[in-house]
Amino acid sequence: MTDIYLDNNATTKVDPAVVDVMIPYFLEQYGNPSSIHKFADGVARGLKHARQQVQALIGCEHDSEIIFTSCGTESNSTAILSAIKAQPNKKEIITTTVEHPAILSLCDYLEKDGYTIHRMPVDKAGRLNLNAYKNLLSDEVAIVSVMWANNETGTIFPVAEMAALANAAGVMFHTDAVQAVGKIPMMLQDTKIDMLSLSGHKLHAPKGIGVLYLRRGTRYRPLLRGGHQERGRRAGTENSASIVGLGKACELALEYIEYENTKVKAMRDRLERGITGQIPHCFVTGDLYNRLPNTSDIAFEYIEGESILMLLNKAGIAASSGSACTSGSLEPSHVMRAMDIPYTAAHGTIRFSFSRYNTMAEVDEVLKVMPGIVANLRKLSPYWDGDAPVADPEKAFAPTYA
Amino acid sequence: MWDYSDKVKEHFFNPKNAGAVVDANATGEVGSISCGDALRLTLKVDDDSEVILEAGFQTFGCGSAIASSSVLTEIIKGMTLDEALKVTNQDIADQLEGLPPEKMHCSVMGREALQAAIANYRGEEWKDDHEEGALICKCFAIDAVMIEEMVWANKLRTVEDVTNFTKAGGGCASCHEDIEAILEKVLTEKGEKFDPNAALVEQPAKVAAVKAPLTNLQRIKKIEQVLESLRPALMADGGDAELVEVIGNTAYVNMTGACNGCQMAAMTIAGIQQRLMEVMGEFIKVVPAAEMSKLVNIEAIS
């Protein structure tokens, strides 16, 4: 069997149809879209078409609300820095403890500059408390930034409802929707979301292209100033080939959105049921009833994630983990810690994330090897004895550094 | 993914001496479950000779933690306890043909488990001097705790001070923002203000004494020694390196075999240079011998 890619929340394969539409922009229509000659005369049209394709996927009112950027991180930084620059008197930001580092690191940095950051906690299923959120909204808040769906667990936050609450309180609302766009249907024009970030490479477009959706009328200050590109809202020569590619990828994502929520979801569910049915002492993390259709994050107790990944990799299966070791940090994933998952499980979380390129046969292959991998590592674990955990594992083996 | 050596993979995929030793008479438990690495080492020690007859490990941890545990048990089997006490974490890392800097703590954990087990056998209490913070300088594997302590102990004020005292930040320099953050934090706690242009703190005299300049002959001999010690690793990859000339602080090295023209040659040269600087305590530049002719030509022209 060929290698199995179940790490689509990290990044995706570029759809061959996307590559096809990009190639002419490298070889023929490579002119600068600002130029007046035949090497460029199709580019502006290509960009316009791509803008409309993105518009259709996220359901915004105007195509001019789409600003092309270099990636999701740039979109996130632009959104937050714009909000605080445009409202210099507001010194608070509301976000959550489980955001992507693209938001959390920026907030940590702004905190040093004197901003008050409200990081909303989540419960054990990764859900927010909306009453607590309402109490945080005030005239002091420059922006709320809450992810649409969590990259590790796939848990979906009620961003439309939260945006409406923010809007009623006169507060700007941004959502990092990098994981959600293309996986769940959305119609931004029916919401009060002011800004939204998306990233091309999460939906079968290339890396290095992103979008900031900016609702018409939202007060805005560019991050990059210079030329007139993107109507002066994001200077820098357009990455025309990638923009056209992203447009095509969005068109395809819209076509496949039902497939994503039926067939892809069925693969995810089969894998999840198979694993939790066959392997003792493992559990699915996040909000099981309100998740992306493609994501399953499973904690395997008493073993460590990087070891699991290395054995999976040997079996030709690609996934990712929330363990400390895979990132080189000293703590397991902040998302697992925020959900109060015990260390003995948090380090053993494996995220399987599907795409429309996966098949049921691949699911069966993973189900074939997974029980053996877990059993082998548990044989090495000080928390495991025979075919069960030792009695009271966290007390039986608890070395600590003095 | 980490760039693990084949040896690490070998020990991870086929660990030796996994599981607890039956009738063990020494046990060492170290690690921290919050960090995701913890190890129990069990030994069977011959009471008369103090020779380690059997060693077994149980490890909760990543690939390199399991590999370090496995190789540790192989190293110490057959050693006396006194011999085993001399095993360093570097020995463990060397046996594994190196570990990424972020993973060196796995070898430290192995050595600590061994010391704890021996203390347990001898009825002593083992005390670790383990302190570990977030890794700041990836070039020299220096963590936040170490930097913070040095800043406190030596009243350091600038990034350059920190580099002089700990080496942190002396490589690629991308951690300077993090070092500044530590300086700001400590200085604020001391009621001082961080000033990037503050005067340098003088290094202690003994460091200065060590830094007495080498004579050219001493330098060449020393460079040769270091290079000699690195050759086995290069030869294992089918390559080799030979010292051609030393001019001032520049060493001209001829890369041969698989090293010659290898994409990794630049990295290998950087590695040799780093090692030389560590051992000699002065700036050494390593340049491929091929570059020497250019230099000579330029000199001839000018």
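Which residue stands opposite A:Thr295 in E13(A)? Keep that question in mind while you move through this predicted model, beginning with the whole of chain A and then narrowing the selection.

**Chain A as a whole**

Select chain A and show it as a cartoon, where 14 helices and 15 strands can be traced. If you turn the C-alpha trace along its principal axes, it spans about 75 × 50 × 35 Å. The radius of gyration of chain A is 22 Å, which agrees with the value near 21 Å that a compact globule of 402 residues would have. Colour the chain by burial next, and you will find that buried residues make up 52% of the 402 residues. Among the contacts in chain A with a separation of 6 or more, 72% are between residues 24 or more positions apart in the chain.

**The two domains of chain A**

Now give residues 16–255 one colour and residues 257–393 another, since the domain assignment of chain A gives these as domain 1 and domain 2. The centres of the two domains, taken over C-alpha atoms, are separated by 30 Å. Where they touch, the contact takes 22 residues from domain 1 of chain A and 20 residues from domain 2 of chain A. On the side that belongs to domain 1, these residues divide by class into 11 nonpolar, seven polar and four charged.

**A four-stranded sheet**

Stay with chain A and select strands E9, E10, E13 and E12, which form an open sheet in that order, with antiparallel pairing. Strand E9 (282–284) and strand E12 (320–321) stand at the edges, and because each has a single partner strand, one side of each is left without a neighbour in the sheet. Then add helix H8 (residues 257–278) of chain A, which packs on this sheet and touches E9, E10 and E13, its direction making about 155° with that of E9(A).

Zoom in on strand E10 (residues 295–300) and strand E13 (residues 349–353) of chain A, which pair in the antiparallel sense over five bridges. Here the opening question can be settled, for if you show A:Thr295 as sticks and look across to E13(A), the residue standing opposite is A:Ser353.

**A last stop in chain B**

Finally, select chain B and colour residues 6–121, 135–205 and 216–301 separately, as the domain assignment gives these as domain 1, domain 2 and domain 3. Between the centres of domain 1 and domain 3 of chain B, taken over C-alpha atoms, the separation is 35 Å.

Methods. Residues are numbered from 1 along each chain as its sequence is written. Chains are lettered from A and ligands numbered from 1 in the order in which they are written. This is a predicted model: local features need pLDDT of at least 70, side-chain atom pairs count only at pLDDT 80 or more; totals for chains, interfaces and linings use all residues. Helices (H or I, at least four residues) and strands (E, at least two) are DSSP runs, numbered from the N terminus. The radius of gyration is taken over C-alpha atoms; the globule rule is 2.2 Å times the number of residues to the power 0.38. A residue is buried if 20 or more other C-beta atoms lie within 10 Å of its own, exposed if 12 or fewer, and partly exposed in between; C-beta atoms are placed from the backbone. Two residues are in contact if their C-beta atoms, placed from the backbone, lie within 7 Å. Domain bounds come from an automatic or database domain assignment. Two strands pair if DSSP finds at least two bridges between them. Axes are lines fitted to C-alpha atoms, for helices over the stretch in contact, and angles run from 0 to 180 degrees between N-to-C directions. Ala, Val, Leu, Ile, Met, Phe, Trp, Tyr, Cys and Pro count as nonpolar, Asp, Glu, Lys and Arg as charged, and the others, Gly among them, as polar.
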